[in-house]
Amino acid sequence: MDGPAVITQVTGPGEDAAAKAAQCNLDVKKPRHRGVLSSFFCCLRAYEGEASPCRSGPHVLPPLPPEENEGLHKGDQSEVIPIPSPPAEYLLPEVTVPDYGKKCIVIDLDETLVHSSFKPISNADFIVPVEIDGSIHQVYVLKRPHVDEFLQRMGQLFECVLFTASLAKYADPVADLLDRWGVFRARLFRESCVFHRGSYVKDLSRLGRELSQVIIVDNSPASYAFHPENAVPVQSWFDDMADTELLDLIPFFEGLSQEDDVYPVLHKLCDR
């Protein structure tokens, strides 16, 4: 396994960002040009779905299966043989008491909150050792401007979940250093994604939360290809220390946290 295969969005030595990501036009403060993605970002190729990026019909989370179904009739008798249903295997545990009644916000890691590189960065906030094929490689991590304020406020407003398509061996130690306040109630990694058409997709219907109460914040449209109507797209971030996108988003999320249903607000967002 090579280095870039560990991290879905990472800059290696001598490689520049090249491909633009098509996203809904989120304009919180000023018009923005969509960020670029490195040409070799692991398996995050452009999603070529048939549906529009902003579908009008929300996905509804199916109810948990009952303990037993109606069973089968045996022979000519009316005896019912109960057949147990398999337990639902959702990605998240039950909502905790402090988060009861809050919406769930799913937040991406790479190019959304941080930028990581195997190439040395002089002003790196973190240097994380990652074992790859028996060798230790140093990953240099830059924090996006205002990420601390953003995470602290999101932790107050929502049930926060980190969901990345990177491997846990890299993403977990980065999250340990990034989230000093315990904002993330759960962390989901590549094995929790669905590999679909060459991309690692974050299937929100597997979370175990009502989809009208779920938001995903991600720079890659391929990551939320199954639920674009739940997405708040953000610009891909690499090293612009004047970036204010996370700061600009805080008032928007403060308002969204008070809504009964996320879809009306997010549909307007996509229509802009």
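This briefing walks through the fold, the strands, the core and the aromatic pairs of the structure above. The model is predicted, so local features need pLDDT of at least 70 and side-chain atom pairs count only at pLDDT 80 or more, while totals for chains, interfaces and linings use all residues. Residues are numbered from 1 along each chain as its sequence is written, and side-chain values use heavy atoms, with hydrogens and water left out.

**Overall picture**

- The protein chain contains five helices and 15 strands; helices (H or I, at least four residues) and strands (E, at least two) are DSSP runs, numbered from the N terminus.
- Of its 272 residues, 50% count as buried, where buried means under 20% relative accessible area, exposed over 50%, and partly exposed in between (1.4 Å probe, protein chains only).
- Among contacts in the protein chain with a separation of 6 or more, 71% come from residues 24 or more positions apart; a contact means heavy atoms within 4.5 Å.
- About 13200 Å² of the protein chain is exposed, and carbon and sulfur atoms supply 53% of that area. Accessible areas come from the Shrake-Rupley method with a 1.4 Å probe, and for residues only the protein chains shown count as cover.

**Strand E10 and its partners**

- Five of the five residues of E10 (159-163) are buried, so this strand is largely enclosed by the rest of the structure.
- Glu159, Val161 and Phe163 point one way from E10, whereas Cys160 and Leu162 point the other way.
- E6 runs parallel to E10, and four bridges join them; two strands pair if DSSP finds at least two bridges between them. In this pairing, Ile107 stands opposite Leu162.
- E10 also pairs in the parallel sense with strand E11 (residues 184-188), over four bridges. Here Phe163 is opposite Leu188.

**Strand E7 and its partner**

- E7 (residues 114-117) sends Val114 and Ser116 one way and His115 and Ser117 the other, and all are buried.
- E7 and strand E9 (residues 135-143) run antiparallel, joined by four bridges. Ser117 of E7 stands opposite Tyr140 in E9.

**Nonpolar cores and helix H4**

- The largest nonpolar core has 44 residues, and those with the most contacts inside it are Leu113, Phe150, Met154, Tyr170 and Phe253. H4 gives the most to this core, with six residues.
- A nonpolar core is a set of buried Ala, Val, Leu, Ile, Met, Phe, Trp, Tyr and Cys residues joined through side-chain atoms within 4.5 Å.
- Apart from the largest core lies another, of 18 residues, among them Cys104, Val106, Ala186 and Leu188.
- Not counting residues up to four places away in sequence, Tyr170 touches Val6, Ile7, Leu109, Asp110, Val114, Ser116, Val130 and Val139.
- H4 has twelve residues and reaches 17 Å from its first C-alpha to its last, close to the 16 Å expected at 1.5 Å a residue. The expected span of a helix is 1.5 Å times one less than its number of residues.
- Buried residues of H4 include Leu246, Leu249, Ile250, Phe252 and Phe253. The buried residues of this helix pack against strand E6 (104-107), H2, strand E14 (214-218), strand E15 (231-233) and helix H5 (262-271).

**Aromatic pairs**

- The structure holds four aromatic pairs. Rings of Phe, Tyr and Trp (its six-membered ring) pair if their centres lie within 6.5 Å; planes under 30 degrees apart count as stacked, over 60 as edge-to-face and the rest as tilted.
- The ring centres of Phe158 and Phe253 are 6.0 Å apart with their planes at 85°, so this pair is edge-to-face.
- Phe158 lies in the loop between helix H2 (147-157) and E10, and Phe253 in H4 (residues 245-256), so the pair ties together parts that are 95 residues apart in sequence.
- Phe158 counts as buried, at 0% relative accessibility, and Phe253 is likewise buried at 0%.
- Phe195 and Tyr200 form a tilted pair, 5.0 Å centre to centre with 55° between the planes.
- Phe150, Phe158, Phe252 and Phe253 form one aromatic cluster.

**Two residues with positive phi**

- Glu111, in the loop between E6 and E7, has a phi near 70°, a positive value in a residue other than glycine. Glu111 is buried, with a relative accessible area of 0%.
- Asp133 is not a glycine either, yet has a positive phi of about 50°. Asp133 lies in the loop between strand E8 (126-132) and E9 and counts as exposed, at 58% relative accessibility.
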